[in-house]
Structures are given as C-alpha cells and as structure tokens.
Amino acid sequence: MKDMTELVLTRQFSAPRTAVWAAFCEPEIIAQWWGPAGWDVQDSSVVLEPKVGGRHELLMVQQADKTQQVPLKATITEFDEYKCFASADGPHEMTLDLVIQTRVDFNEFAGRTIITLTQGPIPFEVLTTSQQAWESALDKLDALLGQFFA
C-alpha cells in the first residue's frame with residue numbers, strides 16, 4: 001500500500017461567494033478555468049447535476065497534445081448551496097484506482113471569498129503535482145474573476 005495523504009489548499013478571491021460558487025457550479029464558467037495552465041476543458045463535456053448523487057463530469061485536454069486527456073467522472077456527495085460542494089471520483093486509471101474525495105468549502109468575509117479545498121486520499125508521491133495543478137487552475141479562476149471584481 002502506498003503512503004497516502006490529503007491535499008489542503010486555501011485561496012482568497014476578491015469576489016463575492018455567489019460568484020465563486022457559480023464558477024464551481026455553472027458548466028459554462030467551469031469550462032473557462034478548470035484545469036492547470038496548458039489544459040482546456042471541452043465545453044460540451046461539462047456536466048454538473050447540482051444535487052447529492054448528481055454527476056460532476058468534464059474532460060480536460062492538453063493544449064500541446066490533444067491526445068493527452070484527463071476525464072473527471074465524479075459523483076456529488078455533498079451540495080450545500082454557497083457553502084460546500086463535494087464529490088467522489090473513481091476508482092479508475094486516472095485516480096490510480098482510488099476513490100478520491102474533493103471538497104470545497106466557501107466562506108465570505110468583507111466581500112471576499114475564501115475557499116478551502118480538501119482532496120484525498122492521494123498517494124504522497126503525487127501530492128506536489130496535485131498541489132501545483134490545483135494552484136495553477138485556481139490562478140486561472142482568480143484571473144477570470146478579476147475581470148469582473150476588483
């Protein structure tokens with residue numbers, strides 16, 4: 001058995017919680033930022049059924065090599081509007097045959113939103129890569145939100 005760990009990231013956005021929530025839950029917005037730099041999401045691949053048991057699916061495609069694709073085929077495990085969104089993805093090859101839980105908590109303070117993203121279990125050896133991928137994706141989200149909020 002591999003050594004497992006959990007990824008925890010906290011990020012603050014200069015946008016209200018409703019806007020950040022929409023970025024995680026509206027398919028047309030998800031497609032604009034999800035995935036690290038160098039990756040796009042096919043608009044038509046995004047499915048989000050906003051309820052416990054609903055599907056959360058998308059396909060990330062590498063810009064430099066379109067044959068490199070990473071699917072997300074998760075099931076929503078928690079959906080508390082504007083507060084918490086959680087899903088479980090796997091087991092399949094892209095999750096290293098694990099069921100990976102991803103949870104995002106949304107908190108608003110003084111017109112800004114603080115999210116805490118928790119993901120696991122993940123093998124310790126992919127922690128740095130996973131963290132870099134999420135940080136890159138959240139940078140894209142920050143830039144997107146920055147077009148509308150100061």
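## Rings, core and a few odd backbone spots

Trp34 is buried, with just 9% relative accessible area. That's a handy place to enter this model, which is a predicted one.

Trp34 sits in the loop between helix H2 (27–33) and strand E2 (39–41), and its ring partner Phe24, 10 residues away, belongs to helix H1. Phe24 is buried too, at a relative accessible area of 1%. Phe24 also pairs with another ring, that of Phe106. This second link spans 82 residues, running from helix H1 to strand E7. Phe106 is buried, again with a relative accessible area of 1%.

Here are the two pairs that involve Phe24:

| Ring pair | Centre to centre | Angle between planes | Geometry |
|---|---|---|---|
| Phe24 and Trp34 | 6.3 Å | 80° | edge-to-face |
| Phe24 and Phe106 | 5.4 Å | 85° | edge-to-face |

Why do both count as edge-to-face? Because planes over 60 degrees apart fall into that class, and the angles are 80° for Phe24 with Trp34 and 85° for Phe24 with Phe106.

There's plenty more of this sort of thing, as the structure holds 9 aromatic pairs. Ring pairs tie Trp21, Phe24, Trp33, Trp34, Phe79, Tyr82, Phe85, Phe106 and Trp134 together into a cluster.

### Around the core

Phe24 and Trp34 turn up again in the largest nonpolar core, which has 38 residues: along with Trp33, they have the most contacts inside it. Which helix gives this core its largest share? That's H3 (residues 127–146), with 7 residues. In soluble globular proteins, nonpolar side chains tend to be buried together.

Trp33 is worth a click in the viewer. Setting aside neighbours within four places in sequence, Trp33 touches Ala23 and Phe24, and also Ala137, Leu138, Lys140, Leu141 and Leu144.

Then there's helix H1 itself (residues 17–25). Is H1 mostly covered or mostly open? Mostly covered: 7 of its 9 residues are buried. The buried ones are Ala19, Val20, Trp21, Ala22, Ala23, Phe24 and Cys25. An α-helix has 3.6 residues a turn, so residues three or four places apart point the same way. The buried stretch of H1 takes in Ala19 and Ala23, as well as Trp21 and Cys25.

### Backbone oddities

Two prolines follow cis peptide bonds. One bond runs from Gly90 to Pro91, with omega near 0°; the other runs from Gly120 to Pro121, also with omega near 0°. Where do these prolines sit? Pro91 is in the loop between strand E6 (84–89) and strand E7 (100–109), while Pro121 is in strand E8 (residues 112–123).

Two residues that aren't glycine have a positive phi. For Tyr82 the value is about 70°, and for Asp97 it is near 65°. Tyr82 lies in the loop between strand E5 (69–80) and E6, whereas Asp97 lies in the loop between E6 and E7. That puts Asp97 in the loop between E6 and E7 that also holds Pro91.

How exposed are they? Tyr82 has 32% relative accessibility, so it counts as partly exposed. Asp97 is at 59%, so it counts as exposed, because the cut-off for that label is over 50%. Tyr82 brings us back to the rings, since its side chain is one of those in the aromatic cluster with Phe24 and Trp34.

How values were computed
Residues are numbered from 1 along each chain as its sequence is written. Side-chain values use heavy atoms; hydrogens and water are left out. Buried means under 20% relative accessible area, exposed over 50%, partly exposed in between (1.4 Å probe, protein chains only). Helices (H or I, at least four residues) and strands (E, at least two) are DSSP runs, numbered from the N terminus. A nonpolar core is a set of buried Ala, Val, Leu, Ile, Met, Phe, Trp, Tyr and Cys residues joined through side-chain atoms within 4.5 Å. Contact means heavy atoms within 4.5 Å. Rings of Phe, Tyr and Trp (its six-membered ring) pair if their centres lie within 6.5 Å; planes under 30 degrees apart count as stacked, over 60 as edge-to-face and the rest as tilted.
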